[in-house]
Amino acid sequence: MPTQIQEKKVEEVKVELTTISVSDPSSEAVIKKALKPLSRPNISSGFSINSLLNKEEKSEVEEKVSTVSTEKLPEHHFTETDVQNEWMILLKQLRQKDPVVFNAIKAFKLAKIDEKIIQISYPSDSAKNEFDKISIEFFNHFKHKVNNHSVEFQFKKDHENLKIEIVTKKKIFEKFIEKNPLLKDLDDLMKFDLS
């Protein structure tokens with residue numbers, strides 16, 4: 001019995017397929033036209049170099065300096081030791097968290113100039129750019145730590161005193177020669193390897 005039902009279904013499918021595949025070539029097909037274009041119109045991305053340049057110029061003009069009133073904020077006394085301790089804590093944190101910034105700012109020197117002014121000496125502009133990434137966080141932390149919100153930070157470029165020099169054996173020996181010229185004669189005689 002099941003084989004008869006299956007045979008009938010197969011015959012029905014064959015009949016349907018034949019009726020679908022057979023078509024009348026003499027009949028014309030009706031062509032439907034779309035109401036809207038099928039392709040999308042060209043849309044600009046909205047990015048233009050000229051508009052970007054004009055926008056930057058406008059933003060520089062419109063930029064306003066916002067000042068925070070520090071009249072009602074606390075102004076407690078802090079010492080040079082407080083400044084140096086907070087700087088060392090920052091450097092220790094950066095050594096593990098962000099070694100690139102640490103290496104850039106480890107030569108910075110902080111000094112308390114006045115009751116409200118801290119001077120930050122830096123060796124190069126690139127080092128200052130790295131410090132700018134974390135400066136706001138450090139300044140806010142320091143102001144809260146010493147409870148003095150009227151502290152001002154001044155930057156001073158000091159290339160000569162802050163440059164980090166790699167000292168080699170040869171340079172050390174040259175400094176000794178300046179102090180004792182007889183070492184030069186000894187070097188000529190013994191031919192020291194100072195590489």
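This briefing describes the fold, the sheet, helix α5 and the nonpolar core of one chain. The model is predicted. The chain contains eight helices and three strands, arranged along the sequence as α-α-α-α-β-β-α-β-α-α-α. Of its 195 residues, 21% count as buried. Among the contacts with a separation of 6 or more, 64% join residues 24 or more positions apart.

**The sheet**

- The three strands form an open sheet with mixed pairing, in the order β1-β2-β3. Strands β1 (109-112) and β3 are at the edges, and each has a single partner strand, so one side of each lacks a neighbour in the sheet.
- From one strand to the next, the twist averages 25°.
- Helix α3 packs on this sheet and touches β1 and β2. The direction of α3 makes about 155° with that of β1.

**Strand pairing**

- Strands β1 and β2 are antiparallel and pair over four bridges. A hairpin of four connecting residues joins β1 to β2.
- Within this antiparallel pair, the bridge partner of Ala111 is Gln119 in β2, and Leu110 stands opposite Ile120 in β2.
- Strand β2 (residues 117-122) pairs with strand β3 (residues 152-157) in the parallel sense, over six bridges.
- In the parallel pair, Ile117 has Glu152 of β3 as its bridge partner, while Ile120 stands opposite Phe155 in β3. Ile120 therefore faces Leu110 on the β1 side and Phe155 on the β3 side.**Burial in β2**

- Strand β2 is mostly covered, with five of its six residues buried.
- Ser121 belongs to strand β2. Is Ser121 buried or exposed? The relative accessible area of Ser121 is 9%, which is under the 20% limit, so this residue is buried.
- Ser121 and Lys157 are separated by 36 residues in sequence, yet their C-alpha atoms are 5.7 Å apart in space.

**Helix α5**

- Helix α5 (residues 125-146) forms a right-handed β-α-β unit together with β2 and β3.
- Helix α5 lies across β1, β2 and β3, and runs at about 165° to β3.
- A kink of about 55° occurs in α5, with its centre on Ile134.
- Which residues of α5 are buried? They are Ala127, Lys128, Glu130, Phe131, Ile134, Ser135, Phe138, Phe139, Phe142, Lys143 and Val146. Ile134, at the centre of the kink, is thus also listed among the buried residues.
- A helix has 3.6 residues a turn, so residues three or four places apart point the same way.
- The buried residues of α5 pack against two helices and the strands, namely α3, α4, β1, β2 and β3.
- Immediately after α5, Asn147 adopts a positive phi of about 55°.

**The nonpolar core**

- In soluble globular proteins, nonpolar side chains tend to be buried together.
- The largest nonpolar core of this chain has 24 residues. Trp87, Ile105, Phe108, Ile118, Phe131 and Phe142 have the most contacts inside it.
- Helices α3 (80-97), α4 (99-105) and α5, together with strand β2, each supply at least two residues of this core.
- Which element provides the largest share of the core? Helix α5 does, with seven residues.

**Surroundings of Phe142**

- Phe142 is one of the buried residues of α5 and is among the residues with the most contacts inside the core.
- Apart from its neighbours within four places in sequence, Phe142 is in contact with Phe78, Asp82, Val83, Glu86, Ile118, Val151 and Phe153.
- Of these partners, Ile118 is also among the core residues with the most contacts.

Definitions and conventions. Residues are numbered from 1 along each chain as its sequence is written. This is a predicted model: local features need pLDDT of at least 70, side-chain atom pairs count only at pLDDT 80 or more; totals for chains, interfaces and linings use all residues. Side-chain values use heavy atoms; hydrogens and water are left out. Two strands pair if DSSP finds at least two bridges between them. A crossover is right-handed if, with the strands pointing away from the viewer, the path from the first strand over the helix to the second runs clockwise. A nonpolar core is a set of buried Ala, Val, Leu, Ile, Met, Phe, Trp, Tyr and Cys residues joined through side-chain atoms within 4.5 Å. Buried means under 20% relative accessible area, exposed over 50%, partly exposed in between (1.4 Å probe, protein chains only). Contact means heavy atoms within 4.5 Å. Axes are lines fitted to C-alpha atoms, for helices over the stretch in contact, and angles run from 0 to 180 degrees between N-to-C directions. The bend at a residue is the angle between axes fitted to the seven residues ending there and the seven starting there.
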